[in-house]
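Hi everyone, thanks for having me. Today I'd like to walk you through one structure, so please have a look at it with me.

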Amino acid sequence: MIAPGESNYGIVIAGHGSRDPEGVCQFEELVEKVKEGQGSRPVTYGFLEFATPTIDEAIRSNLEHGVDDVVVVPAMLLGAAHAKNDIPVEVLNIQKELPKARLHYATPLQLHPSILKLCREKMIHAEARSPKTMSREDTCLVVVGRGTTDPDANSEVFKLSRLLQEGLGFGGVSVCFSGTAKPLVADGLKQAARLGFPRLLVFPFFLFTGVLMNRIYAAADDSQLMFPEIEILKADHLGADSRIGDVVFERAREAIEGKAAMNCSQCKYRTQIIGYEREVGKPQMAHHFHVRALNRRSSDESTSTAVQPESEAFTKNEAGHAIESESFERIRKARSWADFSESNRPVLQRLVHTTGDLGVADEIYISPGAVEAGVSALKRRSVVVTDVTMVQSGIRRALISHHGIKTECFVHDEETHIMAEAQGLTRSAAGIRRAWQQFGNEVVL
């Protein structure tokens, strides 16, 4: 039973989802841990992608229990894009659909003291599995974070590493990431191995197992073969521990009491953090709506919200613009296109449409395989980089949004101006160089 005088609210535990069934099972185990201490309070859960139910379904299910309020708790260790953008967008959209519902949003789990204690426990167990007895002064702790595009979240991993090193007395500490941020695990382990410690203790700061956890352990095994003179221990991830469940409930209670707090002073969406100045005030946008739509489609093939196949969606988009469709039909009939490959024709016809010049197709040289390579890169959601904003503005926004592709143009950034002046470059060239520094060659130019 809910304690007398306590607010009648339900809890929705929101996760990202995993392609690994074991990771989903561990998430569900955590949900059960939360339920154990809640009595009659409804506790439901949902995922952004890769698993069901979805977050909007979890909220609806919770409201069906007749609660006054629903708190959505992101079951995530740190506040990055999923906790700051993707899940809030889900909550805001369901709030629009159900305006009478009172929805609240909690903070991520963060570096709660109970989580730090659980980290310590995992490391002690890893040490205990070794046949060797070794001083922690001779051990370098390697903390592996998820890695995000949010510098604040990444910096929290460094803060965690320092707390663990000083609290547990490790001789050294190193940080690496499973993806997005650098150094990646393999490089981080090489760097740590060169520090001269006879033992490395690899600690993945993850809640649940999954594809990334397997990659981390594989990288540790590869490093063990590469550096046989060093003992490399692998600690477990945090898992569905009851203490994590307690933190989830604590975050839910804080949200109901209006005490939920984020580190807004270092949030790239609120403060001009160097290198991320353009992120300030950025609208909250998610890229997981296809999951909601596909899930509804599986239960009702006739629903209008189902996401269509990409080619069908593109065709409908074209058909919705009668004038444009007629223009392309005229372009196709205005000249022979037999000399151009089937893959190149749409690109050249688009250029004719843009310039109004049928002869432009004869002036353009497209390298063999270039269109196929570009399409492949876009399917991988590679970033589209332009050297001027006019080109960026000319890219059809609806199509880019539909496919979840990001565009970047650095020409007007403060750092680009500084680089151009310092290196004697044009701003366009400096902008492209900055894009290369940030994304490497895996871009569409």
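When I say contact, I mean heavy atoms within 4.5 Å. Keep in mind that this is a predicted model.

Let's begin with Ile-13. Leaving aside its neighbours within four places in sequence, Ile-13 is in contact with ten residues you can look up, namely Phe-27, Val-31, Val-34, Val-43, Thr-44, Tyr-45, Gly-46, Val-73, Ala-75 and Val-248. Ile-13 also belongs to the largest nonpolar core, which has 52 residues. Together with Phe-203, Phe-205 and Leu-238, Ile-13 touches the most other members there. Which helix gives the most to this core? That is helix α8, residues 242–256, with six residues. A separate core of 21 residues includes Val-142, Cys-176, Phe-206 and Ala-220.

Now for Ala-14, which sits in strand β1, residues 9–15. Is Ala-14 buried or exposed? Its relative accessibility is 0%, so Ala-14 counts as buried. Beyond its neighbours within four places in sequence, Ala-14 has contacts that include Phe-27, Ile-55, Val-73 and Ile-87. Val-73 is 59 residues away along the chain, yet the C-alpha atoms of Ala-14 and Val-73 are separated by 5.9 Å.

Last, a pair of helices. Helix α4 (residues 113–128) packs against helix α5 (residues 151–168) at an angle of about 65 degrees, and their axes are 11 Å apart. Their crossing is right-handed. From α4, Leu-116, Cys-119, Arg-120 and Met-123 make the contact, while α5 brings Leu-160, Leu-163, Leu-164 and Leu-168. What kinds of residues are in this contact of α4 with α5? Seven are nonpolar, none is polar and one is charged.

Thanks for listening!

Conventions: Residues are numbered from 1 along each chain as its sequence is written. This is a predicted model: local features need pLDDT of at least 70, side-chain atom pairs count only at pLDDT 80 or more; totals for chains, interfaces and linings use all residues. Side-chain values use heavy atoms; hydrogens and water are left out. Helices (H or I, at least four residues) and strands (E, at least two) are DSSP runs, numbered from the N terminus. Buried means under 20% relative accessible area, exposed over 50%, partly exposed in between (1.4 Å probe, protein chains only). A nonpolar core is a set of buried Ala, Val, Leu, Ile, Met, Phe, Trp, Tyr and Cys residues joined through side-chain atoms within 4.5 Å. Axes are lines fitted to C-alpha atoms, for helices over the stretch in contact, and angles run from 0 to 180 degrees between N-to-C directions. A crossing is left-handed if the near helix is turned anticlockwise from the far one by less than a right angle, and right-handed if clockwise. Ala, Val, Leu, Ile, Met, Phe, Trp, Tyr, Cys and Pro count as nonpolar, Asp, Glu, Lys and Arg as charged, and the others, Gly among them, as polar.
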